[in-house]
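Let's take a walk through this structure, going by its charged and polar side chains. Have the 3D view open and turn it as you read.

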Amino acid sequence: MKKIKISTEDLSLYYSEKQALKNISMNITEKQVTAFIGPSGCGKSTYLRVLNRMNDLIPNVRITGKVFVDGVDIYDKNLDVVNLRKRIGMVFQKANLFPKTIYENLIYGPSINGIRDKNILNEIVEKTLNQAAIWDEVKDRLHESALSLSGGQQQRLCIARALAVKPDVILMDEPASALDPLSTAKIEELIHELKEDYTIVIVTHNMQQAARVSDKTAFFYLGELIEFDNTTKIFTNPKVKQTEDYITGRFG
Amino acid sequence: MNQTNLPTENQNTKTEIKEEISIPTNMELSPYSKKIALGTRVKEKFIEIFFAINGAVALIFIVLIFIFLFKEGIQALNDIGVLDFIYFDQVQFNDSIKRLYEWYPTSSEPRFSLVPLIVGTLLTAIPATLISTFFGVGAGVYLSEIAKPGAREFLKPIIELFAGIPTVVLGFLMLVVGASFFNDLLEPTNRLNAFIAALGLSFVIIPIIASMTEDALRSIPNDLRMASYGLGATKWQTVSKVILPAGFSGVSASIILGFGRAIGETMIVLMASGNAANITTDILLSVRTMTATIAAEMGEVSQGSDHYYALFFIGIILFTITFFLNLIAEIIINKMRKKNVF
């Protein structure tokens, strides 16, 4: 029996006057992969950013409703957002490595948390690179610029960097949308392995990807959560007409 | 039915193929055959030449300034000599020799040592650049990373407006208000000193550094900020460990340009530095800069004298320093532009 990791109640989000998310209530189970699908502008990425309060960085965003992680209200006024973002890692659509070496990218998170000991840092680097299945490819060039890696390697390094701060949730915003099929397959394989230890939420444009990697799938449309169920159920026997139309390619 | 139809179909496909490969013959009737009118062609060429000349004029002027400056200034090396620009060996009454580093071009025994002028220039320009780096980079970081969009729209033009204040006004301000204020506060040896001049220079340089720093930091892709915040970094950690290192070249280019401006600036130092050619590291003493020397003496010098050529030689030195500082800054900025295209 798996626990509920994240739950939102009646969550709405407004950009100035425009409502981007409408009354979303949903439970995300721990140590599973939950995929968000839907056409562009449906609010799936916005919703993802609600979960680690990245929307705080955008001016004029207003949120109503509740978001709980492990039962804690993360929109509590006194909550330490910095600590929240350490617990909930994020991987973005475009690999956004710092213009530093591979090693410096990986230790950025731990060192801003106050870890100074070289041995511990080296351990973290090796462990997370192994977790992200990229150790063999980069172990001989840890002190070269991270930007010299290929796009797929950069993205896996981003995942490793996120793992280095020891989160228990990883949010992924279309992590493979800019990658070739081979790199995409590697990322998907990685997601599959990571869900043993982490709760993973992934936004994707690619329905086959959602079907391949996720345990549960949520379909968003025009800021609403249309349907949320087991992935096999969504892709074989959706309850709602709009979901069926979307996954069969009638629109989107 | 089918069989009778087949030949006709074949014929149709044949004619179609024929139409496909037919070559257009009546080219003059085609709407594509319109030729450029001679007038348009001449006009286009004229406009092209007009702007080419405009672009060339700036270059020509720089080259002309360069040639004129060198033509007059090189004369000084012939008439005065390189060593005399460094020191003057004065013969004492007891026949011993005293080595003097002095700028006394109008003395009966003229001395042309540039050492006090170079010291004076550095003693005003370096403190001014340090002060301006502190406040200018701070203001740039504030504008780029901390200020809300509304505050930025409001503050940036105001900061840039500072750079447009006539320097004679700033010099006057320092001469009258600034000098009196610091005279009471620091009780300096000279009321007008290098520190007062450096403060005046800062008013001009802070806007340059602030504005360029802001541009450099804002051109850093937002992805990097997101990556940092996503890893649980605070705003200060993001600025100090990601944004400033990523914008380092742009920020340093702004500081170099600011330094170049501090060396080349004339009016403020002429009015506020006291203009006594001291060789000193005491920032509260009067100094005389290279620029102020040219400005103060060029009007009264007799044309063709050693003194006249010496002033031109100072001009060459200033021109060379600012030229290379600008060149370095330009190279850094160009490199930065290329690097930011991910």
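A helix here is a DSSP run of at least four residues, and helices are numbered from the N terminus. Keep in mind that you are looking at a predicted model. With that in hand, start at helix 7 of chain A, which covers residues 181–194 and holds A:Glu193. A:Glu193 is partly exposed, at a relative accessible area of 45%. It has company, too: A:Glu189, A:Glu193, A:Glu196 and A:Asp197 gather on the surface as a patch of negative charge. A residue needs over 30% relative accessible area and no salt bridge to join such a patch, so A:Glu193, with its 45%, clears the area cut-off.

Now for the salt bridges. How many are there over all chains? The count comes to 27. One of them pairs A:Asp56 with A:Arg53, with N to O at 2.9 Å. The two ends sit in different settings: A:Asp56 is partly exposed at 36% relative accessibility, while A:Arg53 is buried at 12%.

Next, find A:Glu137 and A:Arg156, whose closest N and O atoms are 3.0 Å apart in a salt bridge. A:Glu137 belongs to helix 5 of chain A (residues 135–138) and A:Arg156 to helix 6 of chain A (residues 151–163), so this pair ties together parts that lie 19 residues apart in sequence. Buried or partly exposed: which is A:Arg156? Its relative accessibility is 5%, and because buried means under 20%, A:Arg156 counts as buried. Its partner A:Glu137 is partly exposed, with a relative accessible area of 31%.

A:Arg141 and A:Glu144 make another salt bridge, this one with 3.5 Å between the closest N and O atoms. Here A:Arg141 is partly exposed at 23%, and A:Glu144 is partly exposed as well, at 39%. Over in chain B, salt bridges go beyond a single pair: B:Lys156, B:Glu160, B:Glu214, B:Asp215 and B:Arg218 are joined into one network through shared partners.

Stay with chain B for the last stop, helix 7 of that chain, which spans residues 222–230 and includes B:Ser228. B:Ser228 has 0% relative accessibility, so it counts as buried. Which side chain does B:Ser228 meet in a polar contact? The partner is A:Tyr108, at 2.6 Å, so to speak a handshake from chain B to chain A.

How values were computed: Residues numbered from 1 in each chain as written. Chains lettered and ligands numbered in written order. Predicted model: local features only at pLDDT ≥ 70, side-chain atom pairs only at ≥ 80, totals over all residues. Heavy atoms only, no water. Patch = residues over 30% accessible without salt bridge, like charges linked within 9 Å, V, L, I, M, F, W, Y side chains within 5 Å. Areas by Shrake-Rupley, 256 points an atom, 1.4 Å probe, with all protein chains shown as cover. Salt bridge = Lys/Arg side-chain N within 4 Å of Asp/Glu carboxyl O. Lys, Arg positive; Asp, Glu negative; His and termini not counted. Charge placed at Lys NZ, Arg CZ, Asp CG, Glu CD. Helix = DSSP H or I, 4+ residues; strand = E, 2+ residues; numbered from the N terminus. Buried < 20%, exposed > 50% of the residue type's maximum accessible area, 1.4 Å probe, protein only. Polar contact = N/O pair within 3.5 Å; in protein donor to acceptor, adjacent residues only side chain to side chain.
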